[in-house]
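Thanks for coming, everyone. Please have a look at the model on the screen, and I will walk you through it.

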Amino acid sequence: MFVKPQLKTLNAYVPGKTTAAIKKEHGLGHVIKLASNENPYGASPLAIKAYQNFTDFSIYPDGSVLALREKTAKFLGVEPNQLLFGAGADEVIQMVSRAILSKGDNIVLADDTFIQYRHHAVIEGAESKIVPLIGGTHDLEGMLKAIDPFTRMVWVCNPNNPTGTYVNSHALEAFLHQVPDNVLVILDEAYLEYAVAEDFPKSIPLVNKFKNLLILRTFSKAYGLAAFRIGYGVGAGELIAGFETARLPFNTTAPSQEAAMAALADQGFVAQCAAKNREAMALLEGFLNKKGIAYYPSQANFLFIPLNNSREIAAFLESIGIIVRPFPTGLRISIGTKEEISELIGGLGQWFGKAVEGVIK
């Protein structure tokens, strides 16, 4: 009775079931999780060591994130004041929405994209103008047409979650040139490190060219620090300064800052994880191609199969110890190790017909 009326139209975020819960529910001894786009290879040994060496538990973290700010700025080639840190990119989404949106405003976003964009718009009393994806990809032209005098923000997830598709460099820059200066474009690049397309946007230089652009990145995915909850936004200094006032004090922990600095320094580990991701994805793509099952080519660490019975398939896979993520429009499968994907292929083979064996090279 005390919450805003619009919150009653939303559901709290429900994370996927844990491996322990599935083991107990189905009486299984072995379960693999391919549902949350986590890094199956963990975190850099340098990040693990940095966390293990941390001892200042009674001291507040550096609220200005000075050391990580400077190292990240140097890595990206931006100024330190162009960075906004949060407890994962999720908190940055919340901060930006809280700072910008009010009743009567609207946001423009795709119909099948990260749900938290719309979630926070609703909380702030803003409307959402939904533009359908085309072939699993953002319809930038349609999004431009949807912008009206009340539009405050446009969300572009690239690569897109859950479809894994991407907007190329030429299309993105042409889009940015056409968005009105008073409309913020938020480019969510949570899965950037996995992208291999030659025409994938090199977005960081664009923040100095387009003052209404904010880029989101995270240490949760390729860096393997999901448990630490640390991400950031990159934009023009003046833009970031406005958002800082909506940030909670000490919103990122000291251990997470230490682990993130160490992880950032180990780009070799990130590259290895990205390479292994492509190898394991190729196994899954090979199976789907053999079976004639359509999927969206992915630039992320997951693959999306458009289906109308995704919940049935997910329930079957769960019963044999494989957790994937069903959506109303299809099935999203996180790319695990080669061994995990081989096990998944066996499960999909049971569902679709004949299992494919001997797929690990």
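Let me start with a definition. Two rings of Phe, Tyr or Trp count as a pair if their centres lie within 6.5 Å, with the six-membered ring used for Trp. Planes under 30 degrees apart are called stacked, planes over 60 edge-to-face, and the rest tilted. With that rule, the structure holds 13 aromatic pairs. Keep in mind that this is a predicted model.

Take Tyr51 and Phe228. Their ring centres are 5.4 Å apart and their planes stand at 80°, so this pair is edge-to-face. Where do Tyr51 and Phe228 lie? Tyr51 belongs to helix α2, residues 45-52, and Phe228 to the loop between β7 (213-218) and β8 (231-234). The two are 177 residues apart in sequence, so the pair ties together distant stretches of numbering. Tyr51 is partly exposed, at 42% relative accessible area. Phe228 is partly exposed too, at 21%.

Next pair: Phe219 and Tyr232. Here the centres are 5.8 Å apart and the planes make 50°, so we call the pair tilted. Phe219 is in the loop between β7 and β8, while Tyr232 is in strand β8, 13 residues apart. Are Phe219 and Tyr232 buried or exposed? Both are buried. They also belong to a cluster: ring pairs link Phe85, Phe219, Tyr223 and Tyr232.

Two rings have a charge over them. The charged end of Lys276 sits over the ring of Tyr41, 4.9 Å from the ring centre. Arg332 places its charged end over the ring of Phe302, at 5.8 Å from the centre.

Now strand β2, where Phe85 sits. Both of its faces are covered. Leu83 and Phe85 are on one side, Leu84 and Gly86 on the other, and all are buried. Which way do β2 and β8 pair, parallel or antiparallel? Antiparallel, over 4 bridges. One detail of that pairing: Leu83 has Val234 in β8 as its bridge partner.

Just ahead of β2 comes Gln82. This residue is in the loop between α3 (66-76) and β2 (83-86). Gln82 has a relative accessible area of 6%; buried means under 20%, so Gln82 is buried. What does Gln82 touch, leaving aside neighbours within four places in sequence? The contacts are Val207, Asn208, Gly233, Val234, Gly235, Ala236, Gly237 and Ile240. Val234 is on that list, and Val234 is also the bridge partner of Leu83.

On to a sheet later in the chain. In general, strands of a sheet pair through backbone hydrogen bonds, either parallel or antiparallel. This one is an open sheet of 3 strands, ordered β9-β12-β11, with antiparallel pairing. Why do β9 (302-306) and β11 (325-327) count as edges? Each has a single partner strand, so one side of each is left without a neighbour in the sheet. On average, neighbouring strands here are turned by 20° against each other, direction ignored. β9 is joined to β12, residues 330-334, by 5 bridges. Within these strands, Ile305 stands opposite Leu331 of β12.

Leu331 comes up again with Ser310. Ser310 is in helix α12, residues 310-319. Its relative accessible area is 4%, so Ser310 is buried. Beyond neighbours within four places in sequence, Ser310 is in contact with Pro326, Phe327, Gly330 and Leu331.

One more residue: Ile323, in strand β10, residues 322-323. At 6% relative accessibility, Ile323 counts as buried. Setting aside neighbours within four places, its contacts are Lys17, Thr18, Thr19, Ile22, Val31, Ile32, Lys33, Leu34 and Ala35. For scale, the C-alpha atoms of Ile323 and Ile186 are separated by 31 Å, with their positions 137 residues apart along the chain.

Last, the whole protein. The secondary structure comes to 13 helices and 12 strands. The radius of gyration is 21 Å, close to the 21 Å that the globule rule gives for 361 residues, so the protein is as compact as a globular protein of that length. The C-alpha atoms fill a box of roughly 60 × 50 × 50 Å along the principal axes. Buried residues make up 53% of the 361. Of the contacts with a separation of 6 or more, 71% come from residues 24 or more positions apart.

Note on methods. Residues are numbered from 1 along each chain as its sequence is written. This is a predicted model: local features need pLDDT of at least 70, side-chain atom pairs count only at pLDDT 80 or more; totals for chains, interfaces and linings use all residues. Side-chain values use heavy atoms; hydrogens and water are left out. Buried means under 20% relative accessible area, exposed over 50%, partly exposed in between (1.4 Å probe, protein chains only). Contact means heavy atoms within 4.5 Å. Two strands pair if DSSP finds at least two bridges between them. Axes are lines fitted to C-alpha atoms, for helices over the stretch in contact, and angles run from 0 to 180 degrees between N-to-C directions. A charge sits over a ring if NZ of Lys or CZ of Arg is within 6 Å of the ring centre and within 35 degrees of the ring normal. The radius of gyration is taken over C-alpha atoms; the globule rule is 2.2 Å times the number of residues to the power 0.38.
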